[in-house]
Amino acid sequence: MKLKMVNKAQILGYHFGKICRIVGTILSIVFSVRFISPLMNEANPVSSLKSTLWCIPVVVISASVMMYGIWRTGGDDL
């Protein structure tokens, strides 16, 4: 799908979408691993789960940022 950009705001929005897509992807991966790794390594996963519950909203927000970036760029070069 070829996007047609007619003004500077659309071009800058496209580049902002690319940045959102990259940052959202990286943060989703990092915080997903941060959430899952204590559950696999410790003998008492319930206590480690309580200490890492803050990762869930961060993963949801970063996935939303990633999806916004994909929507903003038109889903190109995935």
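Two residues are in contact here when heavy atoms of theirs come within 4.5 Å of each other. Everything in these views comes from a predicted model.

**View 1. The whole protein chain has 3 helices and 0 strands.** Following the sequence from start to end, you get the pattern α-α-α. Helix α1 takes in residues 8–41, α2 covers 45–51, and α3 covers residues 55–73. Of the 78 residues in the protein chain, 23% are buried. As for contacts with a separation of 6 or more, 66% of them are between residues 24 or more positions apart. The accessible surface of the chain adds up to about 5,600 Å², and carbon and sulfur atoms own 72% of that.

**View 2. This close-up is centred on S62, a residue of helix α3.** Is S62 buried or exposed? With a relative accessible area of 4%, S62 falls under the 20% cut-off, so S62 counts as buried. Which residues does S62 touch once its neighbours within four places in sequence are left aside? The answer is G24, L27 and S28. The side chain of S62 also has backbone oxygens to look at. A polar atom of that side chain sits 2.9 Å from the backbone oxygen of V58, and the backbone oxygen of V59 is 3.1 Å from a polar atom of the S62 side chain. To place R21 in this picture, go by the C-alpha atoms: S62 and R21 are 9.2 Å apart in space, though 41 residues apart in sequence.

**View 3. Here T73 and R21 meet through their side chains.** T73 belongs to helix α3, which spans residues 55–73. T73 is buried, and its relative accessible area is 0%. What distance goes with the polar contact between the side chains of T73 and R21? That contact comes in at 3.4 Å. The T73 side chain also reaches the backbone oxygen of G69, at 2.9 Å.

**View 4. G75 sits in the segment after α3.** G75 has a relative accessibility of 27%, so it counts as partly exposed. R21 turns up in this view too: from C-alpha to C-alpha, G75 and R21 are 9.8 Å apart, with their positions 54 residues apart in sequence.

**View 5. F31 and W54 form one of the 3 aromatic pairs that a search of the whole structure finds.** Their ring centres are 5.8 Å apart and the planes make an angle of 80°, so this pair is edge-to-face. F31 is part of helix α1, while W54 belongs to the loop between α2 and α3, so the pair ties together parts that are 23 residues apart in sequence. W54 counts as partly exposed, at 42% relative accessibility.

**View 6. Y68 and W71 make a tilted aromatic pair.** For these two rings, the centre-to-centre distance is 5.7 Å and the angle between the planes is 40°. Why are Y68 and W71 separated by about one helical turn? They are 3 residues apart in helix α3, which means about one turn of separation. Y68 is partly exposed at 35% relative accessibility, and W71 is exposed at 61%.

**View 7. F16, Y68 and W71 come together as one aromatic cluster.** F16 brings in helix α1, while Y68 and W71 are from helix α3. The relative accessible area of F16 is 45%, so F16 counts as partly exposed. On the surface, F16, Y68 and W71 also make up a nonpolar patch, and together they have about 370 Å² of accessible area. Residues need over 30% relative accessible area to join such a patch, and F16 at 45% is one that clears that bar.

Terms used. Residues numbered from 1 in each chain as written. Predicted model: local features only at pLDDT ≥ 70, side-chain atom pairs only at ≥ 80, totals over all residues. Heavy atoms only, no water. Helix = DSSP H or I, 4+ residues; strand = E, 2+ residues; numbered from the N terminus. Buried < 20%, exposed > 50% of the residue type's maximum accessible area, 1.4 Å probe, protein only. Areas by Shrake-Rupley, 256 points an atom, 1.4 Å probe, with all protein chains shown as cover. Polar contact = N/O pair within 3.5 Å; in protein donor to acceptor, adjacent residues only side chain to side chain. Patch = residues over 30% accessible without salt bridge, like charges linked within 9 Å, V, L, I, M, F, W, Y side chains within 5 Å. Salt bridge = Lys/Arg side-chain N within 4 Å of Asp/Glu carboxyl O. Phe/Tyr/Trp six-rings, centres within 6.5 Å; stacked < 30°, edge-to-face > 60°.
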